[in-house]
Amino acid sequence: MAKTLQELMPTNARKKLGSASKLNVLSSHDVFRVLKEDKVIIMACNTRIKHVIPGIMRAAQDLDAVVCYELAKSESNLKGGYTGMTPAQYADIVFGYAEAVKLTKPFFIHGDHVTTKSPDPAVVGESRDLIKAQLEAGYTSVAIDASFNETHDNIKVSSQLGRMVLDAGAGLEAEVGEIKSTKEGGEITTVEEAVEFIEGMEKAGVHMDLLAINNGSKHGNYKPGEEVHIELGRTGDIYNAIKKWGVCIAQHGITGTPLDLVGQFADYGIRKGNVGTNWQNIAHDGLPTDLMDRMRAWSKAENKDIKFATKQFLSDINSMPQDNVKKIEEMSYKSAAEFITAFRAKGTASLVEKRLLNK
C-alpha cells in the first residue's frame, strides 16, 4: 500500500517531473474512483492564457481542492493550436506554476476533446500522435471525442485510442453526443445511446471513468439574454443507467451558468465540470487596454472569434506588465474559489488522499 500520493503518480508524470519534484500529480482514474459516490464536482480549467493558472492553484491550495488543468485539441496540439501552446509547453507551464506557488494538493493534467471526426486511419493516427505527445508531456488524463461518428464507429475509435491512455495509467473520458446547444442543431444524448456506448467500450475491454454527453450546454460565452438550458433530468437518468459500470458524467460548457444552478449538478452524477471561457474572460479583463484593443481589431478584421487572437498576440500576452499579471491572478483566485465552493469541492484533496492511502 502506498504511503504517499507521490507513490501513486503515473510513470509518465514521474518521468517528466523527475524524482526531486514534490508535486502530487495523480491519474484522474484514481481521483474519480474514490469520489464517484460523493456529490462533488472536480473543476477542470481550460486555461488558454497562462496568467490565470497561479490564482486557480492558490485557491485550490487554500480550499483543499483537487483541480484539473486542461486544453482541448483545438486549443493545444502538435502545432500549438489557437493558444500557441503544444502539450509539452502547456505541461511545463502547469508544472512550473505548481512548483512556484508550492502547490501541495493533488491535481491532474487532462487532454480535453481529442477530436476524431472519422474512423479513417489517417484521422485516428493524428489523434494517436497527439495523445502520445500528451502522455510524454506528463498528462495523466485524456478525453477521446469521437462523438461526431455513428455509435459503432465512436466505440471503435474511442476504444482504440482509449487503450493507449489506460496502458499509460491515465484516466479516460469519452463522449456521446456532440457538445452543442439545441439552438445550434445539437441533439440531446439519450439513455439508450449512452448505455450502448458504455457496453461497447466494456466489451472492447476499455473501462472509462467519465462520459461527456450533450445535455443542452454549449461551449463559449452565452449571448446577452440567452438562456441556459441544461437538462439535468436527462443527465440523472443517464447517470443512473451507467453508474453500475463505475462511470460518472463530465459536464462541458459551464461558463455563463449561474453558480446556484452549478451547485445542483453533483446531484445528477456529474463529477467533473469544465470551465473554460470564464478564464479567458478574466484574462481579457486584466490585459493592458491597448493590447486588448489590438486583439479585438485583429479579430474583427479576420472575422474570427477573439479566442483565436491568443496565438497571434502570445508574445505580448506573456510579456505584459506585472501589474496586469497580478490583477489577473487575483481575479482568477476569486473566481476559482467561487467555483470550487459551488462545486462542493472544498476538502476533496484531503478526502482523495485519505481514501487512496487508506488513512
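**View 1. Asn24 and the residues around it in this predicted model**. Set aside the neighbours within four places in sequence, and Asn24 is in contact with Leu5, Gln6, Thr104, Lys105, Pro106 and Phe107. Asn24 itself sits in the loop that runs between helix H1 (11-17) and H2. Is this loop residue buried or exposed? Asn24 has a relative accessible area of 13%, and buried means under 20%, so Asn24 is buried. Take a look at the side chain too: one of its polar atoms lies 2.8 Å from the backbone oxygen of Thr104.

**View 2. Helix H2 packing with helix H15**. Here we're looking at H2 (residues 28-35) and H15 (residues 348-356), whose axes are 10 Å apart and meet at an angle of about 90 degrees. That angle makes H2 roughly perpendicular to H15, because anything from 65 to 115 degrees counts that way. On the H2 side, the residues to pick out are Asp30, Val31, Arg33, Val34 and Leu35. They meet Thr348, Leu351, Val352, Arg355 and Leu356 in H15. What kinds of residue make up this contact? The split is six nonpolar, one polar and three charged.

**View 3. Helix H14 and what its buried residues pack against**. H14 covers residues 322-342. With 21 residues at 1.5 Å a residue, this helix should span 30 Å, and its end C-alpha atoms are indeed 30 Å apart, so the two values agree. Buried residues in H14 include Asn324, Val325, Ile328 and Glu329. Further along, Ser332, Ser335, Ala336, Ala337, Phe339, Ile340 and Ala342 are buried as well. Which elements do the buried residues of H14 pack against? The strands are S1 (42-46), S2 (67-72) and S8 (270-275), and the helices are H3 (53-62), H9 (259-262) and H10 (277-286). Just after H14, check the backbone at Arg344, where phi is positive at about 60 degrees.

**View 4. His113, a non-glycine residue with a positive phi**. Most residues other than glycine have a negative phi. His113 goes the other way, with a phi of about 40 degrees. You'll find His113 in strand S3 (residues 107-115). At 10% relative accessibility, His113 counts as buried. The side chain of His113 also has a partner: a polar contact of 3.4 Å joins it to the side chain of Glu175.

**View 5. Asn303, in a loop and with a positive phi**. Asn303 is not a glycine either, yet it has a positive phi of about 55 degrees. This residue lies in the loop between helix H11 (289-302) and helix H12 (309-312). How does Asn303 count, buried or exposed? Its relative accessibility is 72%, and the cut-off for exposed is over 50%, so Asn303 counts as exposed.

**View 6. Gly236 in helix H8**. Helix H8 covers residues 232-242, and Gly236 has its place there. Gly236 counts as buried, at 9% relative accessibility. How far is Gly236 from Phe343? Along the sequence they are 107 residues apart, while in space the C-alpha to C-alpha distance is 17 Å.

Definitions and conventions: Residues are numbered from 1 along each chain as its sequence is written. This is a predicted model: local features need pLDDT of at least 70, side-chain atom pairs count only at pLDDT 80 or more; totals for chains, interfaces and linings use all residues. Side-chain values use heavy atoms; hydrogens and water are left out. Axes are lines fitted to C-alpha atoms, for helices over the stretch in contact, and angles run from 0 to 180 degrees between N-to-C directions. Helices (H or I, at least four residues) and strands (E, at least two) are DSSP runs, numbered from the N terminus. Angles under 35 degrees count as roughly parallel, over 145 as roughly antiparallel, 65 to 115 as roughly perpendicular and the rest as oblique. Contact means heavy atoms within 4.5 Å. Ala, Val, Leu, Ile, Met, Phe, Trp, Tyr, Cys and Pro count as nonpolar, Asp, Glu, Lys and Arg as charged, and the others, Gly among them, as polar. The expected span of a helix is 1.5 Å times one less than its number of residues. Buried means under 20% relative accessible area, exposed over 50%, partly exposed in between (1.4 Å probe, protein chains only). A polar contact is a pair of N or O atoms within 3.5 Å; within protein, one must be able to donate a hydrogen and the other to accept it, and residues adjacent in sequence count only if both atoms are side-chain atoms.
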